[in-house]
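Student: Got a minute to go through this model with me? I'd like to start with how the helices cross.

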Amino acid sequence: MSAGSPDRKKKAIATLIPLLLGLAIWLYPVPEGLTPQAWQMFAIFAATIAAILTQPLPSGAVMLVALCVAIFTGTLTEAKALSGFASGTVWLIFCAYILSLGFVTSGLGKRIAYKMLSLFGGSSLGIAYSLGVSDLIMAPAMPSVTARSGGIIFPIVRSINEVLGSAPGKSGKKIGDFLIMVCFQFTPITGAIFLTGMAANPLVGSLAKDSLGVEITWGGWFVAAVVPAMVCFFLMPLLVYKILNPELKKTPEAKDMGRRALNELGAMSGVEKKVALGFILALLGWGTSLLTGLSATTVGLGLAAYLFATHAVSWKDLLKDQAAWDTVIWFSVIISLAGGLSSLGFISWMTTKLETTISGFGAMQTFVILGILYIYVHYLFATASGHVAALYAPFAATAIAAGAPPMMVAICFGIFSNLMWGNTEYGGGPGPIYFAQGYFERPRFYKINFCVVTFNVILIFVVGLAWWKLLGYY
């Protein structure tokens, strides 16, 4: 047997699973209350989500195949199938990737992290919060949690652990276990605060508008999410500190490391200053959209134009950024497919079925039950975007149909779309990076993650319900 046989077998299985699932649904008798076209759309959508999980092809290629199947089978018209490419949501997230590229290539992201470390890195908790604040500052500009946490925060964490002699194993108890876990869990929280904080958040906004009739602005998301998420931000490290109890309490070496790194970086370069100015202008534009009348996408496009015009970001560098272009493809297609499910009546049919299943509960009880299910079913998903595309609209629509306030439901499920990938090492981009360092065995990793995510979920419900009541959502 050749060395490539196991890989070929694995690829064949990865291809067969979505194909068989799609065919099984397609050939199954159309349920009462649905048109054949709506059922076919669900078959294509389910097969697409399965293919995202099994990865017989890269995500962008999977989406193009799904797009062609929808068109050639007559399930969607060409115009409907391509409508996602005209979505402002797609281009907002693309523009945020351009700003993210500026943070990385200019070195501004590292400068922010080292500055925080030099100021607050004198203790293990101080290091944790300094890196968390760095993540928080970059979050509205870097929707790629993998680039933000895995590309900027993690290398600094690794360097700190090396300086302090805390490697995987017994010495990890000094501080390494704590820093790896707390920085992994910071990013789902910081991503939840901003519409541009995580790649799937704009998809949430698009689905909320198209399927729920709820329009979420950049400022509206921030105002609704900032209070409950920031409570999680401040309390989560204390919980992890209590669970892991790092041996090193005072860490002057880390503070010195931050100062040395800043000295090596020198004064801010002209490019860094341009990126920083663009970031500030974008935040002002997104935060004042209700006053200016400019949409978040318009502000994002203006930001991208500014970064290119001032040479803060190179077009050639953008062409090399595979994640940005891949996002345009799969994001556009998933919006088209999800829009097809909604327009053909599948979402409303699914909502009725879900509502019948959990009938007998009040509006708020239904909302809480569905929220909890939405979080923990993520154990079955390898990407946040696939989970959001498959479950956000039917779960949120069911809660709203039961009588829960629409804006509250839309925002809360958006927050949960971030927190949920902290459950496992495969649920989001940074997970494999942190887990692969070897500080945790999988059972221990899962146990701590479950405690942290559950803690955050409880805080979101308790603090969020009080905050959303104050905002007048119900």
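Tutor: Sure, one term before we look: a crossing is called right-handed if the near helix is turned clockwise from the far one by less than a right angle, and left-handed if anticlockwise. Also keep in mind that this is a predicted model.

Student: OK, so which hand is the crossing of α10 and α20?

Tutor: Right-handed, for that pair. Helix α10 covers residues 201-212 and helix α20 covers residues 384-401, and their axes come within 10 Å.

Student: And at what angle do the axes of α10 and α20 cross?

Tutor: Roughly 40°. Angles under 35 degrees would count as roughly parallel and 65 to 115 as roughly perpendicular, so α10 and α20 are oblique to each other.

Student: Switching topic: how confident is the predictor, on average?

Tutor: The protein averages a pLDDT of 87, and 98% of the residues score at least 70.

Student: Which elements have the lowest and the highest mean pLDDT?

Tutor: Helix α14 (residues 289-292) has the lowest, at 70, while helix α11 (residues 218-244) has the highest, at 96.

Student: What about domains, how is the protein divided?

Tutor: Into domain 1, residues 1-75, and domain 2, which is made of 86-201 + 214-320. Taken over C-alpha atoms, the centres of domain 1 and domain 2 are 36 Å apart.

Student: Now backbone oddities. Which residue has a positive phi although it is not a glycine?

Tutor: Gln55 is one of them, with a phi of about 60°. Gln55 sits in the loop between α2 (36-54) and α3 (59-72). Another is His311, also with a positive phi of about 60°, in the loop between α15 (296-309) and α16 (315-320).

Student: Is His311 buried or exposed?

Tutor: Exposed: its relative accessible area is 64%, and the cut-off is over 50%. Gln55 has 33%, so Gln55 counts as partly exposed.

Student: And α17, how far does it reach?

Tutor: Helix α17 (residues 322-343) has 22 residues and spans 32 Å from its first C-alpha to its last, close to the 32 Å expected at 1.5 Å a residue. After α17 comes Gly345, with a positive phi near 95°.

Student: Last one: where is Ile369?

Tutor: In helix α19, residues 363-376. Ile369 is partly exposed, at 26% relative accessibility.

Student: And what separates the C-alpha atoms of Ile369 and Ile415?

Tutor: 16 Å, with the two residues 46 residues apart along the chain.

How values were computed. Residues are numbered from 1 along each chain as its sequence is written. This is a predicted model: local features need pLDDT of at least 70, side-chain atom pairs count only at pLDDT 80 or more; totals for chains, interfaces and linings use all residues. Side-chain values use heavy atoms; hydrogens and water are left out. Helices (H or I, at least four residues) and strands (E, at least two) are DSSP runs, numbered from the N terminus. Buried means under 20% relative accessible area, exposed over 50%, partly exposed in between (1.4 Å probe, protein chains only). The expected span of a helix is 1.5 Å times one less than its number of residues. Domain bounds come from an automatic or database domain assignment. pLDDT is the predictor's confidence in each residue, from 0 to 100. Axes are lines fitted to C-alpha atoms, for helices over the stretch in contact, and angles run from 0 to 180 degrees between N-to-C directions. Angles under 35 degrees count as roughly parallel, over 145 as roughly antiparallel, 65 to 115 as roughly perpendicular and the rest as oblique.
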